[in-house]
Amino acid sequence: MPSDLSYWLISVPLHDGDPSSVLQDVRHATGGQVTCGGWEIPDLKAGTLSSLISLSDALPKTDAAFTQTVSKLLDTLRSLVNDDKDRMQQHVRVNDRPVEEYLIPDPQGSGSWRWDKGRWGEGGKVVDVIAALQSEMNTIESSQKQKTQQYQLAKGALNTLQRKQQGNLAQKSLIDVVKKGDLVEGSEYLETLLVAVPKNNIKQWYDNYERLSSMVVPRSSKEVAEDGEYKLVTVTLFKKFHDEFVHKARENKYQVREFKWDDDASANQKEELERLEKEEKELWTVRMFVESVLRYGLPADYAGVIVKPEPKTAVKTLKQLSAQYNDLASGKSKEKAAAKRKQAPGAEDLIGEWANVMEQEYYDFVLFELPKVQFD
């Protein structure tokens with residue numbers, strides 16, 4: 001039984017040359033109660049039966065590796081956003097769209113997920129497409145490992161520092177306190193400093209901060225945050241007077257906090273996740289093509305549909321789909337595929353060698369599970 005925590009990708013032979021008719025058949029079979037959309041399967045060169053069986057055996061391992069890479073990236077992203085569900089949903093997007101909208105762009109109409117022809121081509125060899133996907137995923141994984149190590153080092157250093165801190169604004173990290181709009185950025189001459197001022201000295205601060213050094217911008221000080229002991233304020237001045245201002249601030253018992261805004265970490269993680277999600281979906285499409293050829297034979301004239309099962313009705317949905325395509329169990333497509341296996345040289349040896357492939361859970365149609373991204 002496929003999991004209701006996954007999207008179901010199914011593939012069936014086309015009878016009238018119109019992929020949208022398959023989508024309508026699925027909607028009709030499920031009574032329109034299940035979210036589903038079309039899934040474009042590209043026209044690739046299948047290769048030999050032996051190579052397809054080899055790919056069928058190898059692709060699940062590749063899927064597992066891709067899924068593990070995506071999971072690691074999601075874990076890293078969760079750490080970056082402090083496991084904030086809303087912020088996770090903002091970042092877990094593909095082509096600037098939520099994952100489900102990317103997979104099922106038009107759940108009520110005829111829109112379907114499209115193979116990226118510009119990136120992966122069409123009509124190429126299956127083995128070449130898979131090799132390209134694996135190469136890019138390996139590159140992403142290597143880059144991600146390096147970035148994760150850097151992040152963990154920085155996080156460890158920060159945790160160590162925070163354990164030694166008292167937690168007031170003069171000591172603690174300001175990452176979650178300061179907003180980008182609080183700072184002057186991109187100026188060749190000006191900079192914004194953050195200063196922790198004891199609350200009992202705040203009137204003195206406003207009276208004399210403009211005279212602590214030369215070239216302080218008048219009325220530039222704004223309050224950013226406060227706690228029981230300090231108020232965190234900004235002040236803007238010319239960069240060349242930085243050291244002079246810091247020295248004078250210390251003399252007046254103001255603590256200048258060294259801080260530079262850096263939003264690259266979250267932006268990079270978002271970009272990496274988009275790339276990984278997209279390439280993982282491309283791989284699933286290749287798997288559908290390989291398994292469809294093995295199941296239904298050539299020519300490769302199939303249609304794909306993605307189904308989002310609901311937990312309470314998943315069993316019913318699977319029964320509805322099985323009833324819709326029960327003719328495939330004894331249809332011509334299956335007979336054609338069986339005949340091709342018998343005609344292939346050494347077919348008996350192949351069946352013995354790849355018995356584990358033949359023993360996988362079997363439905364009358366090709367079905368794969370695509371794990372959903374869980375935010376809880």
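Visitor: What covers the buried residues of H10?
Guide: We are looking at a predicted model, where local features need pLDDT of at least 70, side-chain atom pairs count only at pLDDT 80 or more, and totals for chains, interfaces and linings use all residues. Residues are numbered from 1 along each chain as its sequence is written, and side-chain values use heavy atoms, with hydrogens and water left out. Helices (H or I, at least four residues) and strands (E, at least two) are DSSP runs numbered from the N terminus, buried means under 20% relative accessible area, exposed over 50% and partly exposed in between, with a 1.4 Å probe and protein chains only, and contact means heavy atoms within 4.5 Å. The cover over the buried residues of H10 includes E1, H1, E10 and E11.

Visitor: Within what arc do the buried residues of H10 fall?
Guide: The buried residues of H10 are Ala-314, Thr-317, Leu-318, Gln-320 and Leu-321. Look down the helix axis and take the directions from it to the C-beta atoms, which is how the arc is defined. The buried residues line one face of H10, because they fall within an arc of 160°.

Visitor: Which exposed residues does H10 carry on the face turned away from its buried side?
Guide: Turn the helix around to find the face that points away from the buried side of H10. The exposed residues there are Lys-316 and Lys-319.

Visitor: Which strands stand at the edges of the open sheet of 5 strands?
Guide: This open sheet has mixed pairing and the order E5-E2-E10-E1-E11; two strands pair if DSSP finds at least two bridges between them. An edge strand has a single partner, so one side is left without a neighbour in the sheet, and this holds for strand E5 (112-113) and strand E11 (366-371).

Visitor: At about what angle does H1 run to E10?
Guide: Axes are lines fitted to C-alpha atoms, for helices over the stretch in contact, and angles run from 0 to 180 degrees between N-to-C directions. Helix H1 (residues 19-29) lies across strand E1 (6-13), E2 and E10. The angle between H1 and E10 is about 35°.

Visitor: And what angle does the direction of H10 make with that of E1?
Guide: Helix H10 (residues 314-324) packs on the sheet too, touching E1, E10 and E11. Its direction makes an angle with that of E1 of about 5°.

Visitor: Which element gives the largest share of the largest nonpolar core?
Guide: A nonpolar core is a set of buried Ala, Val, Leu, Ile, Met, Phe, Trp, Tyr and Cys residues joined through side-chain atoms within 4.5 Å. Of its 32 residues, Trp-39, Val-92, Leu-103, Val-286 and Ile-306 touch the most other members. Two or more residues come from each of E1, helix H2 (49-80), helix H4 (99-103), helix H6 (126-164), E10 and E11. The largest share, 5 residues, belongs to H2.

Visitor: Which domains does this core lie between?
Guide: Domain bounds come from an automatic or database domain assignment. The core lies between two domains because both give residues to it: domain 1 (40-161) and domain 3 (305-340 + 350-375).

Visitor: In what order do the 4 strands of the other open sheet stand?
Guide: The pairing in this sheet is antiparallel. Its strands are arranged in the order E7-E8-E6-E9.

Visitor: By how much are neighbouring strands of this sheet turned against each other on average?
Guide: For this value the strand direction is ignored. On average, the neighbouring strands are turned by 30°.

Visitor: How many bridges join E6 to E8?
Guide: E6 (residues 190-198) also pairs with E9 in the antiparallel sense, over 3 bridges, and there Val-195 stands opposite Val-256. On the E8 side, Pro-198 has Tyr-230 as its bridge partner. E6 and strand E8 (residues 230-238) run antiparallel, and the number of bridges joining them is 9.

Visitor: Is His-242 buried or exposed?
Guide: His-242 is found in helix H8 (residues 242-251). Leaving out residues up to four places away in sequence, His-242 touches Glu-191, Leu-193, Leu-237 and Glu-258. Its relative accessibility is 16%, so His-242 counts as buried.
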